[in-house]
Amino acid sequence: MCGRFTIVDPIEELMDRYMASISDDFEYQPNYNAAPMQYIPTIIGSKQGNRLGSLRWGLVPAWAKDDKIGNKMINARAETIDTKPSFKHLISSKRCIIPTNGFYEWKKEGTQNQPLRILLKDESIFSLAGLYDTWVDPEGNKLSTCTIITTEPNELMSGIHNRMPVILRPQDEGEWLERSHNDVSSLLGLLKPYKASEMRAYKVSRDVGNVRNNSVELLKAVE
């Protein structure tokens, strides 16, 4: 499961990284402990180019009776997104990228779980593959939400957890965001474990376990 991540880069760097314009009403601030049910920065492709906006993390399918299902839909398994009712209609047309510079995962150590931060060795921004949808409540209010796709772990992650988020290779990001691209088999081929040789992990404070903690202190390595 991918349940926490960081995105702390200046908004100008995000715009440059994805050659994106800002969506209306988008407000950005660094997040050292992004968690489910929060609004998180996302990139969506459009005819006018890539757009940087926000979606609430925790997918609420358009057909859902209410939005409570969202907290159970923070992740989607790459192996089944083309068959699960909640995701199979989204893979061909409603794909997004969740930009991040690191995510947290918990590793079992004795009787306790030790949180680690996983990032690229060069500490650059990278792209998590996601899906999104828009739900409309009985009063006509719209809620746009997303989910992060997970896959099998690579060599680094296998010693930490049995799943990892799908990290798109930079050369595959354009294909993932292209709205007119609906070749599902080709898209599914992008959802592979990222190269472990380009990643690293380090232990961080257990304070990250409390979503109310959200400061640069969470990024510091601990012994």
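Two strands count as paired if DSSP finds at least two bridges between them, and the first close-up shows such a pair in this predicted model.

**View A. Strand β5 meets strand β4 in an antiparallel pairing.** Welcome to the first stop: six bridges join β4 (residues 39-44) to β5. Within this pairing, Tyr39 stands opposite Arg56 of β5. The hairpin of β4 and β5 has five residues between the strands. In that hairpin, Gly49 takes a positive phi near 110°.

**View B. Strand β5 also pairs in the parallel sense with β2 and with β11.** Three bridges link β5 to β2 (residues 20-22), and here Ser21 has Arg51 as its bridge partner in β5. With β11 (residues 142-151), β5 shares two bridges. Have a look at Trp57 too, which stands opposite Cys146 in β11.

**View C. Arg56 and Asp67 join their side chains in a salt bridge.** The N to O distance here is 3.8 Å. Arg56 belongs to strand β5, while Asp67 sits in the loop between β5 (50-57) and β6 (75-77), so the pair ties together parts that are eleven residues apart in sequence. Is each partner buried or exposed? Arg56 counts as buried because its relative accessibility is 11%, a value under the 20% cut-off. Asp67, at 27%, counts as partly exposed.

**View D. Five strands make up an open sheet with antiparallel pairing.** Follow the strands across in the order β3-β1-β8-β9-β14. The edges are β3 (31-34) and β14 (199-203), each of which pairs on one side only. On average, neighbouring strands of this sheet are turned by 30° against each other, direction ignored. Inside the sheet, β1 (residues 4-7) and β8 (residues 102-109) run antiparallel and are joined by three bridges. Thr6 stands opposite Gly102 of β8 in this pairing.

**View E. At edge strand β14, Arg200 forms a salt bridge with Glu123.** The two side chains meet at 2.9 Å, N to O. Arg200 lies in strand β14 and Glu123 in the loop between β9 (112-120) and β10 (126-136), so the contact ties together parts that are 77 residues apart in sequence. Arg200 counts as partly exposed at 29% relative accessibility, and Glu123 counts as partly exposed at 49%.

**View F. Two helices are tied together by the salt bridge of Arg17 and Glu173.** Side chains of opposite charge can pair when their charged atoms come close. Here the N to O distance is 2.7 Å. What does this pair tie together? Arg17 lies in helix α1 (residues 11-18) and Glu173 in helix α2 (residues 173-177), so the pair ties together parts that are 156 residues apart in sequence. Glu173 counts as buried at 7% relative accessibility, whereas Arg17 counts as partly exposed at 27%. If you would like to explore further, the structure holds eight salt bridges.

**View G. Cysteines Cys2, Cys96 and Cys146 appear here in a structure with zero disulfides.** Where is the cysteine sulfur nearest to that of Cys2? The nearest belongs to Cys146, 11 Å away. For Cys146, the closest cysteine sulfur is that of Cys96 at 5.1 Å, which is too far for a bond because a disulfide calls for sulfur atoms within 2.5 Å. Cys2 counts as buried at 0% relative accessibility, and Cys146 counts as buried at 0% as well.

Note on methods
Residues are numbered from 1 along each chain as its sequence is written. This is a predicted model: local features need pLDDT of at least 70, side-chain atom pairs count only at pLDDT 80 or more; totals for chains, interfaces and linings use all residues. Side-chain values use heavy atoms; hydrogens and water are left out. Helices (H or I, at least four residues) and strands (E, at least two) are DSSP runs, numbered from the N terminus. Axes are lines fitted to C-alpha atoms, for helices over the stretch in contact, and angles run from 0 to 180 degrees between N-to-C directions. A salt bridge is a side-chain nitrogen of Lys or Arg within 4 Å of a carboxyl oxygen of Asp or Glu. Buried means under 20% relative accessible area, exposed over 50%, partly exposed in between (1.4 Å probe, protein chains only).
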